[in-house]
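Okay, thanks for coming, everyone. I'll put the structure up now, so have a look at it while I talk you through it.

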Amino acid sequence: MIRLALRVAEADAELVLAELLELAPSGVEERRLEDGAIEYAVYGAAGELPSLPALQAAAGGRLVEITTTDVADDWDQQWKAFHKPVRIENGGRALRVRPPWEARVAGQDEADLVIDPGQAFGTGAHATTRLCLELLLALDPADSCVDIGCGSGVLAIAATKLGWLDVLALDYEAESVEATLTNAAANEVTLRAQHFDLRSGNAAPGAELVLANLLLPLLVELSAVGFAAPEPQTVIASGLLVEQADEVSESFAAKHGLVEADRRISGEWAALLLVRGS
Ligand SMILES: C[S@@+](CC[C@H](N)C(=O)[O-])C[C@H]1O[C@@H](n2cnc3c(N)ncnc32)[C@H](O)[C@@H]1O
C-alpha cells in the first residue's frame, strides 16, 4: 500500500482540494503540518493512484511537494483512527454518521448512519457533505428525492432515514452505485441506486427534492441539462467554493425558477438551498 501525499500552502488548500477531488472522488486525507502547510494524501496500491503528472496539473503552480511512502502494515489502524463519527444538527433534528467500527451511542436520539469510508466519497466528514446534511435536516420530508453524484450514498441514506420516500441515488461510477446499495443494506433502508452520467446531455431524473453535492462544472451542467418531470421543488447544491456560489444560485433561479433560500458556509465551501419561487 502506498501513501501519496501532496503539500500546498494553506491559502491554496481549498482550491487544490477542489481539483484533487476530481482525481480522487473517494476522498482525501487532510493534515495540517507544523509549518502551517496543508498535506492531502490518498492511499492505494501502485497503479491505482492518480498519476504524478495528473496531480501536478491539479495543483498547478500551488504545489509545494509530492511524496510517496510505503505504508506500514498497520495502515488500516491509522485509517480507522482518521475516520471519526460526525454529528450534524439543524432545525431541531440531528444525525450522526459513523464508520462501522465505531459503536452506536447508547440512548442516541439522533438518526444513526453507518458509512464505510473505504468505498466511495462521502463519509460525512467533508464540509461539502456536512453542509448538505445540515440543509437536509431542516426540510420536512416529502414523497420523492434524487441524490445526483451519490458517492457512498450518505445523502440518500440520510434522506431515507429522515423520512423521505422513493429515494433514488445516481452516480456515473459503478463503484459508487455499488457502495450506495451496500451502505443502504448496512443501514437497513430501502432506496434505488442507478448509473447516471450528468455529462451524457440527458435531463437528470427529477424529484421533489434534488441533492447535488457536485463541483461547480457539474452543477453548471445540471442547471443546463435540467430535470425530467417532476421538476424539483427544492435543490440542495453543494461542492462549491464560496466565490462560485453566486453563479450557481443565479443560474438555477434564471433557468428553473429555484431561488436561494439559505446559504451555508464552512471554510472555503458553500452550499445552497434553492426553492421554487411562488
Ligand atoms: C463530491 S462527491 C459527493 C458524494 C456524496 N453525495 C456526498 O455528499 O458526500 C461527487 C460525486 O459525484 C460523482 N460524479 C462525478 N461526475 C459525475 C457525472 N458526470 N455524473 C454523475 N455523477 C458524477 C462522483 O463519482 C462522486 O461520487
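Before anything else, keep in mind that this is a predicted model. I'll start with a pair of helices. Helix α4, residues 127-137, and helix α5, residues 154-161, have axes that come within 11 Å and cross at roughly 20 degrees. Anything under 35 degrees counts as roughly parallel, so that's what we call α4 and α5 relative to each other. As for the hand of the crossing, α4 and α5 make a right-handed one.

Who's touching whom there? On the α4 side we have T129, C132, L133 and L136, and they meet V154, L155, A158 and A159 in α5. By residue type, that contact comes to seven nonpolar and one polar, with no charged residues.

Okay, zooming out to the whole chain. We've got eight helices and 14 strands. The radius of gyration is 18 Å, and the globule rule gives 19 Å for 278 residues, so the chain is as compact as a globular protein of that length. If you want a feel for the dimensions, the C-alpha atoms fill a box of roughly 55 × 45 × 30 Å along the principal axes.

Now the sheets. One of them is an open sheet of four strands, and if you walk across it you go β2-β3-β1-β4, with antiparallel pairing. At the edges sit β2, 29-32, and β4, 63-70, each pairing on one side only. From one strand to the next, the twist averages 20 degrees.

Look at β1 in there, residues 2-8. It runs antiparallel to β4, and seven bridges join the two. If you'd like a residue to click on, try A5: its bridge partner in β4 is T67. And lying across β1 and β4 is helix α2, residues 52-59, which runs at about 150 degrees to β4.

Then there's an open sheet of seven strands. The order is a bit of a mouthful: β10-β9-β8-β11-β12-β14-β13, and here the pairing is mixed. The edge strands are β10, at 192-195, and β13, at 258-266, and each of those pairs on one side only. Twist in this sheet averages 15 degrees from one strand to the next.

So where's a parallel pair in that sheet? Go to β9, residues 167-171, and β10: they pair in the parallel sense over four bridges. Right there, D171 stands opposite H195 in β10.

Two helices lie across strands of this sheet, and I'll take them in turn. Helix α7, residues 216-225, lies across β8, β11 and β12, and it runs at about 150 degrees to β12. Helix α8, residues 245-256, lies across β12, β13 and β14, at about 165 degrees to β13.

And how do α7 and α8 sit against one another? They pack at an angle of about 10 degrees, with their axes 10 Å apart. That makes α7 roughly parallel to α8.

In that contact, L216, L219, V220 and S223 come from α7, and they meet V248, S251, F252, K255 and H256 in α8. Sorting those residues by type gives five nonpolar, three polar and one charged. For α4 with α5, remember, we had seven nonpolar, one polar and no charged.

That's what I have, so let's go to questions.

How values were computed: Residues numbered from 1 in each chain as written. Predicted model: local features only at pLDDT ≥ 70, side-chain atom pairs only at ≥ 80, totals over all residues. Pairing = 2+ DSSP bridges. Axes fitted to C-alpha atoms, helices over the stretch in contact; angles between N-to-C directions. Contact = placed C-beta atoms within 7 Å. Parallel < 35°, antiparallel > 145°, perpendicular 65-115°, else oblique. Left-handed = near helix turned anticlockwise from the far one by under 90°. Nonpolar A, V, L, I, M, F, W, Y, C, P; charged D, E, K, R; others polar. Rg over C-alpha atoms; globule rule 2.2 N^0.38 Å.
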